[in-house]
Structures are given as C-alpha cells and as structure tokens.
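Thank you all for making time this morning. I would like to walk you through one model, and I would ask you to keep the sequence and the structure in view while I talk.

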2 protein chains.
Amino acid sequence: MSEHELRVSKIRNGTVIDHIRAGQALNVLAILGIDGSEGEAISVGMNVPSDRMGRKDIVKVEGRELSQNEVDVLSLIAPDATINIIREYEVAEKHRLERPERVVGVLSCPNSNCITTGSEPVESKFEVLADGVRCEYCETIVRDDLAAHISVK
Amino acid sequence: MSEHELRVSKIRNGTVIDHIRAGQALNVLAILGIDGSEGEAISVGMNVPSDRMGRKDIVKVEGRELSQNEVDVLSLIAPDATINIIREYEVAEKHRLERPERVVGVLSCPNSNCITTGSEPVESKFEVLADGVRCEYCETIVRDDLAAHISVK
C-alpha cells in the first residue's frame with residue numbers, strides 16, 4: 001500500500017463508533033474531548049457509503065473505552081450509532097445507544113439567566129424529550145444543534 | 001471487510017494532504033472550512049505511524065482541490081505536508097508546501113487595537129518569520145498556536 005493511502009488498521013484496544021449520522025463525526029470527537037493532541041491513534045470517516053444509512057460517519061479511537069456519560073450525550077447527536085469496544089483486536093462488547101431520560105452535567109443551558117450558567121456550583125440537568133432536551137431548572141428547551149451546547153470534556 | 005472496519009477507498013477526484021504534523025489534522029479541516037456537513041467524503045487519520053515522521057496525520061477530501069491561499073496557511077501549521085491532487089484515481093499533481101513570505105487575509109491579529117481587527121475594511125497582512133508571523137500594521141508577533149488565529153474560511 002502506498003503512503004498516499006490512508007492506512008486504517010484494526011485497533012488493538014479501544015472503541016469503534018459506527019453508524020454515526022453523516023456529518024456528526026467532528027461533534028463526536030468534541031464530546032469525547034479528542035483533538036489528536038494526546039497522541040492516540042484516531043481514524044475518522046465522514047460521509048462514507050452505508051447499506052443501512054446511505055451515508056454515515058465512523059470514528060475509531062485507540063486505547064479508549066467510553067464512559068456512560070459520554071455514551072449518553074452521543075445518543076442525542078448520533079442516535080443510530082453503535083459502539084464496539086475492542087480488546088485484543090476482537091469486539092468484546094457491542095452496544096446500541098439508548099436515549100437516556102435525563103443528562104446531567106454534559107450540556108450547558110443557553111439561558112444566560114439560568115442558575116446553572118452563573119457562578120453557582122449547580123450542575124446542569126436536562127430532561128430528554130422526543131425532539132430535544134428541556135432544562136430542569138429554567139425549562140428552556142433546546143431542539144436544534146445540541147452539539148453546540150456540549151460542555152463535557 | 002466487516003462493517004466495523006473503516007473503509008477508506010481511493011478517492012476519484014480530490015486532495016490528499018499527507019505528512020501533516022501529528023495532532024494538526026483538525027486544524028487542517030478548520031482551515032479548509034470542512035466539517036462534513038456538505039456531504040463530501042472525508043477520511044482523517046491522526047497519529048498514524050510514519051517511516052519519515054514517527055507519527056503523522058493525513059486528510060483525504062473527495063471532490064476538492066486546494067486554493068493557493070489555503071496552501072499558504074497550511075504551510076504554517078503543517079510545514080512538512082505534501083499535497084497530492086487526485087484526478088480519476090491517479091496522482092495528477094504533487095506539491096510540497098513552501099512557506100510564503102507573507103500571508104494576506106488569512107490570519108487575524110491578536111492585538112485588539114490593531115487597525116485590522118476594528119471595523120475598518122483593512123485586510124490582515126503578516127510577514128512570515130522563521131518561527132512565527134509578524135503583523136505588518138502593528139508589528140505584533142505570533143509564535144504559538146497559529147491555528148487559533150486563522151480567520152479564513
């Protein structure tokens with residue numbers, strides 16, 4: 001294989017996030033706090049053909065297994081995603097995302113008067129609706145572009 | 001190949017940016033104004049093994065050839081990068097980046113009193129130094145994290 005091919009080898013240990021809605025891969029990296037600066041091997045495919053979805057994104061991260069908090073937020077921006085935990089080159093666990101009933105501490109409220117956005121040490125809490133999320137403090141509803149409100153690192 | 005493998009096929013027409021300094025791939029996408037939302041097929045590898053560089057990043061973009069302006073800024077954050085223009089699956093052109101003497105309109109000056117950052121319609125101009133860039137108006141020197149000062153889209 002020439003050096004001009006992107007070599008995407010199997011990962012030994014880590015996570016493959018597959019069936020991400022097309023165009024959301026960079027938001028997935030943002031949720032995971034990944035920008036490549038820590039030296040971990042990462043592969044990203046955007047708008048790749050998929051039998052099931054037409055087009056999809058896919059992210060492979062070496063040496064990292066997702067936390068439940070991270071999975072919860074992923075489910076909001078990439079509801080069709082599947083998560084495969086890889087150990088010693090084999091799929092050790094396979095998860096389909098389920099929307100949580102609430103997400104705590106991972107989204108920031110867009111209402112600048114909300115108690116969670118001030119200097120008080122109050123963690124954000126959002127109830128998950130069919131088509132968005134609602135702040136449990138000020139009842140602001142966020143429907144579009146949830147990725148822009150992610151505060152978890 | 002299973003669906004859990006990232007399929008990175010040859011691109012038919014587009015650009016392969018290879019030998020990007022490890023950890024800079026997302027900044028390269030930012031310079032190119034690419035976030036996957038326009039449906040173009042993109043592959044990104046971060047921290048992949050390289051004979052020449054130890055580790056490197058690589059970006060493949062389907063259906064896009066870089067402009068000279070984009071190449072100029074790329075040379076500042078990814079000075080070792082090579083650019084391969086692909087047409088009909090073949091490498092049609094191969095470029096090594098050269099640092100320009102100046103970059104016009106692509107970086108924003110960090111000095112909030114600089115004439116280029118106010119409401120005047122004055123385009124930024126930076127002289128390229130060995131280890132950074134210098135604003136031609138206010139002489140502010142930027143050495144670190146040039147990527148944070150990119151204003152081109």
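I will begin with how the two chains are arranged, then turn to one helix and its surroundings, and finish with a sheet in chain B.

Please bear in mind throughout that this is a predicted model. Two copies of a chain are, in general, related by a rotation about an axis and a shift along it. Here, a turn of 180° together with a shift of 0.1 Å along the axis lays chain B on chain A, and the RMSD of that fit is 0.1 Å. The two copies are therefore related as by a two-fold rotation axis. If you would like a residue to look for, B:Val44 is the one in chain B that comes closest to the rotation axis, with its C-alpha at 2.5 Å. As for the surface through which the copies meet, 100% of the interface residues of chain B are also interface residues in chain A, so that surface is the same in both.

Let me now move to helix H1 of chain B, residues 25-32, and ask which of its residues are buried. They are B:Ala25, B:Val28, B:Leu29, B:Ile31 and B:Leu32. Because these residues cover an arc of only 160° around the axis, they sit on the same side of H1(B). As a reminder, an α-helix has 3.6 residues a turn, so residues three or four places apart point the same way. The cover over the buried residues of H1(B) comes from both chains: it includes helix H1 and strand S2 of chain A, and, from chain B, strands S1, S2 and S3 along with helix H2.

The two ends of this helix also deserve a look. B:Gln24 lies in the loop between S1 and H1 of chain B, and its side chain makes a polar contact of 2.8 Å with the side chain of B:Asn27. Leaving aside neighbours within four places in sequence, B:Gln24 is in contact with B:Asp57 and B:Ile77. Just after H1(B), B:Gly33 takes a positive phi of about 70°.

Finally, there is an open sheet of four strands in chain B, in the order S6-S7-S8-S9 and with antiparallel pairing. Its edge strands, each of which pairs on one side only, are S6 (102-104) and S9 (141-142). S6(B) pairs with S7(B), residues 125-129, in the antiparallel sense over three bridges, and within that pairing you can find B:Val103 opposite B:Phe126.

Notes: Residues are numbered from 1 along each chain as its sequence is written. Chains are lettered from A and ligands numbered from 1 in the order in which they are written. This is a predicted model: local features need pLDDT of at least 70, side-chain atom pairs count only at pLDDT 80 or more; totals for chains, interfaces and linings use all residues. Side-chain values use heavy atoms; hydrogens and water are left out. Buried means under 20% relative accessible area, exposed over 50%, partly exposed in between (1.4 Å probe, protein chains only). The arc is that of the directions from the helix axis to the C-beta atoms. Contact means heavy atoms within 4.5 Å. Copies are superposed by least squares on the C-alpha atoms of residues with pLDDT of at least 70 in both. A polar contact is a pair of N or O atoms within 3.5 Å; within protein, one must be able to donate a hydrogen and the other to accept it, and residues adjacent in sequence count only if both atoms are side-chain atoms. Two strands pair if DSSP finds at least two bridges between them.
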